[in-house]
Amino acid sequence: DIMQECIFCKIISGEIPSSKVYEDEYVYAFNDINPMAPVHILVIPKKHVANVMDINSENSDMISHIFEAISVIAKQQKLQKGFRVVSNCNEYAGQTVFHLHFHILGGRRLSMEMA
């Protein structure tokens with residue numbers, strides 16, 4: 001079962017520890033263990049979805065909820081000057097954990113480079 005093997009599902013269940021910054025009924029957010037910016041938070045749906053390619057009419061409501069959570073988290077982290085939200089999709093984009101997740105990157109001026 002993919003969810004029993006998924007590291008993010010294990011983080012959500014508490015089987016693997018994480019430094020939680022936000023949680024509600026649908027979303028869990030925690031600090032990235034290899035931060036690429038002073039603020040680097042991963043925001044994940046509690047329901048297992050592999051990546052953006054698996055978003056459809058039956059589960060897309062979670063995306064609006066994730067972005068509502070991102071707004072709350074960004075304010076809590078005092079990122080009013082700006083931040084980036086990134087979701088890598090599949091191997092060529094650098095996705096390493098196949099559970100949909102969004103990176104919040106901020107806390108400094110970010111490079112204009114996107115690739």
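Here's a walk through this predicted model, from its main pocket to its cysteines and a nonpolar patch. Local features need pLDDT of at least 70 and side-chain atom pairs count only at pLDDT 80 or more, while totals for chains, interfaces and linings use all residues. Residues are numbered from 1 along each chain as its sequence is written, and side-chain values use heavy atoms, with hydrogens and water left out.

Start with the largest pocket, whose volume is about 750 Å³. A pocket here, on a 1 Å grid over the protein atoms alone, is an open set of points where a 1.4 Å probe fits, with protein on both sides within 12 Å along at least five of seven lines; lining residues have an atom within 4 Å of a point. Volume is the space filled by probe spheres set on the points, which are joined across faces, edges and corners. Of the 32 lining residues, Asp 32, Met 36, His 40, Asn 88 and His 103 sit closest to the centre. The top contributor is α2, with three residues (helices are DSSP runs of H or I, at least four residues, and strands are E runs of at least two, numbered from the N terminus).

Now the cysteines: how many disulfides does the whole structure hold? Zero, where a disulfide would be two cysteine sulfurs within 2.5 Å. Cys 6 has its closest cysteine sulfur in Cys 9, but 3.8 Å is too far for a bond. Cys 89 is unpaired too, with the sulfur of Cys 6 its nearest at 15 Å. Cys 6 counts as buried because its relative accessibility is 6%, whereas Cys 89, at 23%, is partly exposed (buried is under 20%, exposed over 50%, partly exposed in between, with a 1.4 Å probe and protein chains only).
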